[in-house]
Amino acid sequence: MTTLVPNRRDLLLTLSGTGLLAALPLAAHAQVRARLVIIGGGFGGATAARFLKRLLPEAAITLIEANPEYYACPFSNLVVAGLRDLSAQRFSYDSLKAEGIEFVQERATDVDPVSRTVTVESGRALTYDKLILSPGIDFRWNAIDGYDEAAAEVLPHAWKAGPQTRLLQQQIQDMKDGGVVVMSVPPAPFRCPPGPYERASLIAHYLKTHKPKSKLIILDAQEKFSKQPLFEDAWSSLYPGLIERYGANEFGRVIAVSPSSRTLSTEFEDVSADVANVIPPQHAGVIAHRAGVADMTGWCPIDPIDFRSTLQPDIHVIGDATIASPMPKSAFSANLQAKVCAMQIARALSGEAVEPTTLTNTCYSYISDRKAVSITGVYTNDGGSLHSVEGAGGLSPLNADPIVRENEALQAKTWFRTITKQTFG
Ligand code: FAD
């Protein structure tokens, strides 16, 4: 295990939007008058729209987003634990509109790659020269027997931020002292690999502070998980005896739920909960399947040089919907993939060759109200596949002084402020 790369901050700055923009001959791009459509106004799509507008000021850029405003998932586990207001997670699209991006607040219902047309729910059809999809994830409803949209109103997933986040927070707050919270973690791949364990840490922090006779049981479809030594160290030192985690080999996967009795059934036994947080199995957002860019895995294969779909020309896919391993499904990844994709589209439309780039990701996770740990990866798309750069990146050190963890929590806050400013203005 390595410690944090000392020059990580410099690396992130190098990869920031300014760095990418500076590398481009803007004069050629100023002539491009293409129709560029983006579906999904999250960390990937909103960033792509803004960067394309700056790179190609004469292009017509349209962002199609189902919701009038965006609720960010990063930091939403703090809301679940009662440490942050949900309103701090909400972002508007006003800046994008002011920058000249057409904002269509509708759900895209279909994509015809042959006529290069997107249809939205009102029936309007929008044609494109290039389409970027960043629809995030959708849930595999009923992959766990009985877990459908109605069940999620009783057993919240809170894996898309917004009302679900509030619902889980409220249920935990209303639970009696001595109650049992049960979390179900799906098999990989899923959005934000360390997210369930950050959530477990913060729920444990809440229980220890407010309802110390309670406990948290994690039923995990995975045997190993992201930042495992750091989380396990935090759980034993900060919350001894409060968290019980069982991998699939011990308890079996969760295969069914009963909302009326708040029971989760694994392959081996039934577990009763006072509050159940069921994070269901996932796949790429439904529109990716409609567009024909998702394969049998449920996710979207891409060429990592420019995030072009390998299944449909003229469609690019970024963010959680992609198969981009070893890059995790994170806001950091989606935001950076958006910049790389926008830059390569601008180059291609200006008659320039696409070029390999270096990408990176850092995921911070809170382990308590004031402490965080992180993991960093550095990747290259040279040679047609995404792969990790050996010796770069790493985990926060184990057994660190508390000040190190507190500093990482401060860095996490700066990261959140920076990335949301860059994405939403
Ligand atoms: P999203 O941000 O989900 O955006 C997709 C957008 O597309 C949505 O606004 C949706 O409404 C829209 N959409 C979908 N389909 C359609 C359609 N048909 N028509 C119109 N609009 C559509 N990442 C980090 O980097 N750091 C963290 O600390 C972190 N913490 C997390 C904590 C939790 C609890 C969770 C659940 C996730 C966390 N993540 C974190 C992961 C991060 O939220 C996602 O990886 C990121 O949001 C992915 O961006 P995206 O653009 O692919 O999808």
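The legends below describe close-up views of a predicted model.

Residues are numbered from 1 along each chain as its sequence is written, and side-chain values use heavy atoms, with hydrogens and water left out. Local features need pLDDT of at least 70 and side-chain atom pairs count only at pLDDT 80 or more, whereas totals for chains, interfaces and linings use all residues.

**View 1. Packing of helix α4 (residues 43-55) against helix α12 (residues 331-349).**
Two packed helices are described by the angle between their axes and the distance between the axes. Here the angle is about 30° and the axes are 8 Å apart. Axes are lines fitted to C-alpha atoms, for helices over the stretch in contact, with angles from 0 to 180 degrees between N-to-C directions. Helices (H or I, at least four residues) and strands (E, at least two) are DSSP runs, numbered from the N terminus. α4 and α12 are therefore roughly parallel to each other; angles under 35 degrees count as roughly parallel, over 145 as roughly antiparallel, 65 to 115 as roughly perpendicular and the rest as oblique. The crossing of α4 and α12 is right-handed. A crossing has this hand if the near helix is turned clockwise from the far one by less than a right angle, and is left-handed if anticlockwise. From α4, the contact (heavy atoms within 4.5 Å) is made by F43, G44, T47, A48, F51, L52 and L55. From α12, the residues are A331, A334, N335, A338, K339, A342, M343, I345 and A346. The contact of α4 with α12 divides into twelve nonpolar, three polar and one charged residues. In this classing Ala, Val, Leu, Ile, Met, Phe, Trp, Tyr, Cys and Pro count as nonpolar, Asp, Glu, Lys and Arg as charged, and the others, Gly among them, as polar.

**View 2. Contact between α12 and α13.**
The axes of α12 and α13 come within 11 Å and cross at roughly 40°, and the crossing is left-handed. A331, F332, N335 and K339 in α12 meet W415, I419, Q422 and T423 in α13. By class, the contact of α12 with α13 has four nonpolar, three polar and one charged residues.

**View 3. An aromatic cluster and two of its ring pairs.**
Rings of Phe, Tyr and Trp (its six-membered ring) pair if their centres lie within 6.5 Å; planes under 30 degrees apart count as stacked, over 60 as edge-to-face and the rest as tilted. By this rule the count comes to 20 aromatic pairs. The rings of F75 and Y366 have centres 5.5 Å apart and planes at 85°, so this pair is edge-to-face. F75 is in the loop between β3 (70-71) and α5 (76-80), and Y366, 291 residues apart from F75, is in strand β23 (residues 358-366). Both F75 and Y366 are buried; buried means under 20% relative accessible area, exposed over 50%, and partly exposed in between (1.4 Å probe, protein chains only). For Y364 and W415 the ring centres are 6.4 Å apart and the planes at 50°, so the pair is tilted. This pair also links distant parts of the chain, with Y364 in strand β23 and W415 in helix α13 (residues 402-424), 51 residues apart. Y364 and W415 are buried. One aromatic cluster is formed by F43, Y70, F75, F91, Y93, F103, F332, Y364, Y366, W415, F416 and F424.

**View 4. Helices α7 (residues 163-174) and α8 (residues 195-210).**
α7 and α8 pack at an angle of about 35°, with axes 11 Å apart, and their crossing is right-handed. L168, I172 and Q173 of α7 make the contact with R199, I203, Y206 and L207 of α8. Five nonpolar, one polar and one charged residues make up this contact.

**View 5. Surroundings of V181 in strand β11 (residues 180-185).**
V181 is buried, with a relative accessible area of 0%. Leaving out residues up to four places away in sequence, V181 touches M175, L207, K215, L216, I217 and V275. V181 and I243 are 62 residues apart in sequence and 9.6 Å apart in space, C-alpha to C-alpha.

**View 6. Backbone details in loops.**
Most residues other than glycine have a negative phi, and most peptide bonds are trans. A cis peptide bond joins A188 and P189, with omega about 0°, and P189 is in the loop between β11 and α8. C192 is in the loop between β11 and α8 and has a positive phi near 60°. C192 is partly exposed, with a relative accessible area of 26%. S325 and P326 are joined by a cis peptide bond with omega about 15°. R116, in the loop between β6 (108-112) and β7 (117-120), has a positive phi of about 50° although it is not a glycine.
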